[in-house]
Amino acid sequence: MRELYRMIEELIKESGYPGEIDGREFYNDVSAEADEKEDGTYLFVVKKSEEISYHGCMTITEEEFDLHYVDIHVGEEKYHVDFDV
C-alpha cells in the first residue's frame, strides 16, 4: 500500500498543489466516500477544512472503487488530479 500512497502524493504534487499531502490520509478520506454505496459512478465532495475541499468522481464496484479524478479546492484555487493516467 505504501507504493499506492506514494503514487497518490506524486500525482497530487504534479498537479501543482503546493500544500502538504499524506497519501494514506487522502486514500482513507476518499475510500470513506465509497463505503456503503451501491455499484455505480458517483460525484463526491470531502470538506477537509474551511479552506480545503476535494471534489471528485469515482466508480464503485462490489470489490473496489476506481477514482477517476479529484479537484482540490483551496480558497479560489483549484488543482486537478487525473487518476486515469
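Confidence in this predicted model dips to its lowest in α2, at a mean pLDDT of 94, and peaks in β4, at 98; pLDDT is the predictor's confidence in each residue, from 0 to 100. Helices (H or I, at least four residues) and strands (E, at least two) are DSSP runs numbered from the N terminus. Over the protein chain the average is 95, with 100% of the residues scoring at least 70. Because the model is predicted, local features need pLDDT of at least 70 and side-chain atom pairs count only at 80 or more, while totals for chains, interfaces and linings use all residues. Residues are numbered from 1 along each chain as its sequence is written, and side-chain values use heavy atoms, leaving out hydrogens and water.

Now for the inside. The largest nonpolar core (buried Ala, Val, Leu, Ile, Met, Phe, Trp, Tyr and Cys residues joined through side-chain atoms within 4.5 Å; buried is under 20% relative accessible area, exposed over 50%, partly exposed in between, with a 1.4 Å probe on protein chains only) has 19 residues, and Phe26, Leu67 and Phe83 are among those with the most contacts inside it. Two or more residues come from each of α1, α2, β1, β2, β3 and β4. Setting aside neighbours within four places in sequence, Phe83 is in contact (heavy atoms within 4.5 Å) with residues including Ile8, Phe26 and Leu67.

Then there is His80, which sits in strand β4. His80 is partly exposed, at 43% relative accessible area. Beyond its neighbours within four places in sequence, His80 is in contact with Ser15, Tyr69, Val70 and Asp71. His55 is 25 residues away in sequence and 9.4 Å away in space, C-alpha to C-alpha.
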